[in-house]
Amino acid sequence: MTQHSNAFIHPDAKIGKDVTIGPFTYIAGDVVIGDGTWIGPNVTIMDGARIGKNCRIFPGAVISAIPQDLKFKGEITTAEIGDNTTIRECATVNRGTASRGKTVVGSNCLLMAYSHIAHDCILKNNIIIGNGTQIAGEVEIDDHAILSAHVLVHQFERIGAHVMVQGGSKVNKDIPPFIIAAREPLTFAGINLVGLRRRGFTPQQIGTIQELYRNIYNKGMNVSQALVYIEENMEATPEREIVTSFIKNSKRGIVREYTGSNPDEGVEL
């Protein structure tokens, strides 16, 4: 471990090998930091932080502060960060409450400057959270989602895998997998073609996803009718299961269609 003389590290903190800790950083006692992680100056890491290997945490970030939730009664909870995740300047990740007991940010994620991850959120892997984006409590975000700058996410929402959310959006409905969500109010704006191609989806898989969303958004059926139609008329594929399972389990409903959008094309973000 390389520790600057002006950093404070509680003697009970568990620090891995080859960790670098910059000046004026504070690390509390109930903290675990994995091998190879770099922690810059003026970082605050509080009780309950569990930080993985090879992470990078930039100045002003605060990890595992108590929740901004009046129901919190001082229970022992955690804020867990996976391996290879980068947390930029002044980003904040609050620890959990009794609801879930933990806040989780997965591996290979990027939290840009001034973003906020509230209590009991579950972010999976390979997620990008843009500058100034604010995520309220108990939100779930699946793999490879990208939220552009200054997005506001209402509590309890769920955002599916491979989703792209336009900057400045207000998310108050669940966003199903593989799509772009854009405009005001937030609506379906096509599938995330560029993202899917970059991640190796085949033309056949993309065609299946396009057909799924044509049935959901462009054939005049309500969502329940569309799900029945899909299960009766479309081949059972992993993509079909991911989309239909997400929608069936949505508690807040999914974003609506935008009548001016071509389901085969994304929008410029």
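## Strands E27, E28 and E29

In this predicted model, strand E27 (residues 179-182) and strand E28 are joined by three bridges and run antiparallel. Within this pairing, Ala-182 has Thr-187 of E28 as its bridge partner. The two strands form a hairpin with four residues between them, and in the turn Arg-183 has a positive phi of about 70°.

Strand E28 (residues 187-191) is mostly covered, since five of its five residues are buried. E28 is also joined by two bridges to strand E29 (residues 256-257), and these two strands run parallel. Thr-187, the bridge partner of Ala-182, also stands opposite Arg-256 in E29.

## Helix H3 and its buried side

Helix H3 spans residues 223-233, and its buried residues are Ala-226, Leu-227 and Ile-230. Because these three cover an arc of only 100° around the axis, they lie on the same side of H3. In an α-helix there are 3.6 residues a turn, so residues three or four places apart point the same way.

The buried residues of H3 pack against two other helices, H2 (203-217) and H4 (238-248). On the face of H3 turned away from this buried side, the exposed residues Ser-224 and Glu-232 are found.

## The start of H3

At the start of H3, Asn-222 places a side-chain oxygen within 3.1 Å of the backbone nitrogen of Ser-224. Ser-224 is thus named twice in this account, as it is also one of the exposed residues on the face turned away from the buried side of H3.

Key
Residues numbered from 1 in each chain as written. Predicted model: local features only at pLDDT ≥ 70, side-chain atom pairs only at ≥ 80, totals over all residues. Heavy atoms only, no water. Buried < 20%, exposed > 50% of the residue type's maximum accessible area, 1.4 Å probe, protein only. Arc of directions from axis to C-beta. Contact = heavy atoms within 4.5 Å. Polar contact = N/O pair within 3.5 Å; in protein donor to acceptor, adjacent residues only side chain to side chain. Pairing = 2+ DSSP bridges.
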